[in-house]
Amino acid sequence: MLPFPWPVVGSVLAGIGTAALFGYLWQHRGNPGANWFLLTLGVQMSWCFSYGLSLLVFDPVVRWLFEVVTWIATAWIGLTFLGFALEYTGRGAFVRTPSFGALTLVPAATTLLLVTNPIHGLVWAGFQLDPVFGTATVSYEFGVWAYLTILSSVLFVALGVLLLFDTIVNYGPLYRSEAIAVVISTVPPGIAVLVWLFELGPVTQLNLAPIMFIPHVALDAYAFVGGRMFTFNPSTRRAAEQSAIEELESPFVVVDTRHRVVDLNPAAETTFDVTSPAVLGERLENATDLDVELTAGDQIVTDDSPGEFRELAVSVSELHDSSRHRVGYTILVQDITSQRRREQRLEILNRILRHNLRNDLNVVEGYLDIAADRTSDEELHETLERTRANVADVVDMAEKAWAFEQALDSMEESPSTVVVEEALSEIATDVEAVTEGHVEVDVPADLVLWTQRELFVQLFENLVENGIEHADSETPVVTVSFEGLVDGRTAAVSVSDDGPGIPDYELSVLERGEETPLEHGSGLGLWLVTWCVRMLGGGLSFETDGGTTVTVRLPTVAEPIGSPSESSETPPQAAER
């Protein structure tokens, strides 16, 4: 037999559990929602202890005081729980509004009315001891304000539960199990309060809500201790979603299914010279003067307002609710006028340099060659040869730029398997045919890469040509060697020559990624090498002691070294499966 009646034991145990949880969560104070939840636990603790101890007090006056404390806790607990739910789910700004302040009037008025109840009887009437189970339970008739107090507290809890339910639905598994636990934890004491208020139980004078805080505390402990609910909270994600739109530099507009504006960010207000209150509810074309096809996805539209011409890249995405029903569209706008103008200028300059200038220089080179052959003046002949060589270098640079552009066009095609030894041998043959140099290839025959072939060829062709061009000997030798695998699927291939080494200032230009009037590269080759490596997803390193060794690391090895070579156009991922 228990030393105390079971309602007392249950209420006090619930209070002890609440106090333990309060002590543990004290370390999280200051986190979103934590202070409000600690306040909720404090109110819950006073409810459990005041009611449990009141059941041991048979003095009518002292018992009345305990009942007042219990009712005050009942009045405030719903509002503090709502404050927790608002801040925890990222809606804490509402807590600091006059609207939330107005909600405090109900529990504040209840506190005042409870203390003065003997004068007006608005909360209860006919207060008297009505012992049951050996405890000092009381009975009285509920007044209008009693119903208002409890129902408003239940309503506040329900609103908080809805906010947490929104977290369950919209924020994924990161917060789901913890939020579910907190939602469920409100059910046992909530039902107990309503049963007591409407006198539905067999022992109407006994309020079982404090005892029902035992499962409530257990579920909260799972959420906040085991689940670390205050370590990860959805307010971070909600704030990120809001700031991502508000602070986005590009205009962002949200419209409903009838193309009416329902939201837009400050960038959109500035771009279209509108204010949010003025255009909300207006059709998109009226609010922004843009003719956008909302079913077209990505598109380019023009804005030819008087005095201004703009080209805008518009990205349209469907907006769906949690049931995957389309509820509207999001529209992201980027002003690409300057970008398009630069592209047009570059296209024209590229055509002039690549085609017109190259053709004209080819003609010049031919005339210089003829003039050099016809003159008997050795000094003039030497001058013409040097000039012809310089022109040939410029033509060669244009040819490299053209070849690189062709390789870029191949990026639109899918990667393919490249047998590295075969590709490098072809490069060596082509280079040896037009130079005095020799290229040695020492690469396993079964090394296969899944890559863009045109860029691969451009990369190693430029490296080999650069090594031969800058060699010190009359018969330069460039060696292409396989250095091994890095992390199993990245091939390291080096290209070595016996030249004077690449100057440090040229390497510093490549590392910095830009040229200056005082510090710039001497040609195009190393830039093409760097660009090719980056577009292939690889890496590049240089050693310049006793010549130059350039090590290229390229993913992805299509199959292990030593396995039978395959000629199929199958990516390594598919081959593994």
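Start by selecting His259 in this predicted model. His259 is partly exposed, since its relative accessible area of 26% falls between the 20% limit for buried and the 50% limit for exposed. You will find His259 in the loop between strand E3 (252–256) and strand E4 (261–264). Now check its backbone: phi of His259 is near 65 degrees, a positive value in a residue other than glycine. Why is that worth a stop? Most residues other than glycine have a negative phi.

Next, select Phe133. Here too phi is positive in a residue other than glycine, near 55 degrees. Phe133 sits in the loop between E1 and E2. With a relative accessible area of 42%, Phe133 is partly exposed.

**The two strands beside that loop**

Select residues 124–129 for strand E1 and residues 138–142 for strand E2. How many bridges join E1 to E2? There are 4, and the two strands run antiparallel. To see one of the partnerships, pick Ala125, whose bridge partner in E2 is Glu141. Then look at what surrounds E2: 4 of its 5 residues are buried, so the strand is largely enclosed by the rest of the structure.

**Rings**

Stay with these strands and show the side chains of Phe127 and Tyr140. Their rings form a stacked aromatic pair, 5.8 Å centre to centre with 15 degrees between the planes. Phe127 belongs to strand E1 and Tyr140 to strand E2, so this pair ties together parts that are 13 residues apart in sequence. Is each ring residue buried or partly exposed? Phe127 counts as partly exposed, at 23% relative accessibility, whereas Tyr140 is buried, with a relative accessible area of 8%.

Now widen your selection to Trp71, Trp124, Phe127, Tyr140, Phe142, Tyr147, Trp196 and Phe198. Ring pairs link these residues into a cluster.

**Two helices**

Select helix H5, residues 105–115. Which of its residues are buried? They are Pro107, Thr110, Leu113 and Leu114. These four cover an arc of only 120 degrees around the axis, which puts them on the same side of H5. Turn the helix to its other side and you will meet Leu105, Leu112 and Val115, which are exposed.

Then move to helix H2, residues 34–54. At 1.5 Å a residue, its 21 residues should span 30 Å, and the end C-alpha atoms are indeed 30 Å apart, so the two values agree. H2 is mostly covered, with 15 of its 21 residues buried.

**The nonpolar cores**

For the last stop, select Phe456, Leu459 and Phe460. Among the 32 residues of the largest nonpolar core, these three touch the most other members. Now colour the elements that each supply at least two residues of this core: helix H17 (420–434), helix H18 (453–469), strand E11 (477–486), strand E12 (490–497), helix H20 (525–535) and strand E14 (548–555). Which of them gives the most? That is H18, with 7 residues.

Zoom in on Phe456. Leaving aside residues up to four places away in sequence, Phe456 touches Val418, Val420, Ala423, Leu424, Leu449, Thr451, Leu536 and Leu554. Apart from this core lies another one, of 28 residues. To find that second core, select some of its members, including Val8, Trp47, Ala192 and Leu197.

Methods:
Residues numbered from 1 in each chain as written. Predicted model: local features only at pLDDT ≥ 70, side-chain atom pairs only at ≥ 80, totals over all residues. Heavy atoms only, no water. Core = buried A, V, L, I, M, F, W, Y, C linked by side-chain atoms within 4.5 Å. Buried < 20%, exposed > 50% of the residue type's maximum accessible area, 1.4 Å probe, protein only. Contact = heavy atoms within 4.5 Å. Pairing = 2+ DSSP bridges. Expected span 1.5 Å × (residues − 1). Phe/Tyr/Trp six-rings, centres within 6.5 Å; stacked < 30°, edge-to-face > 60°. Arc of directions from axis to C-beta.
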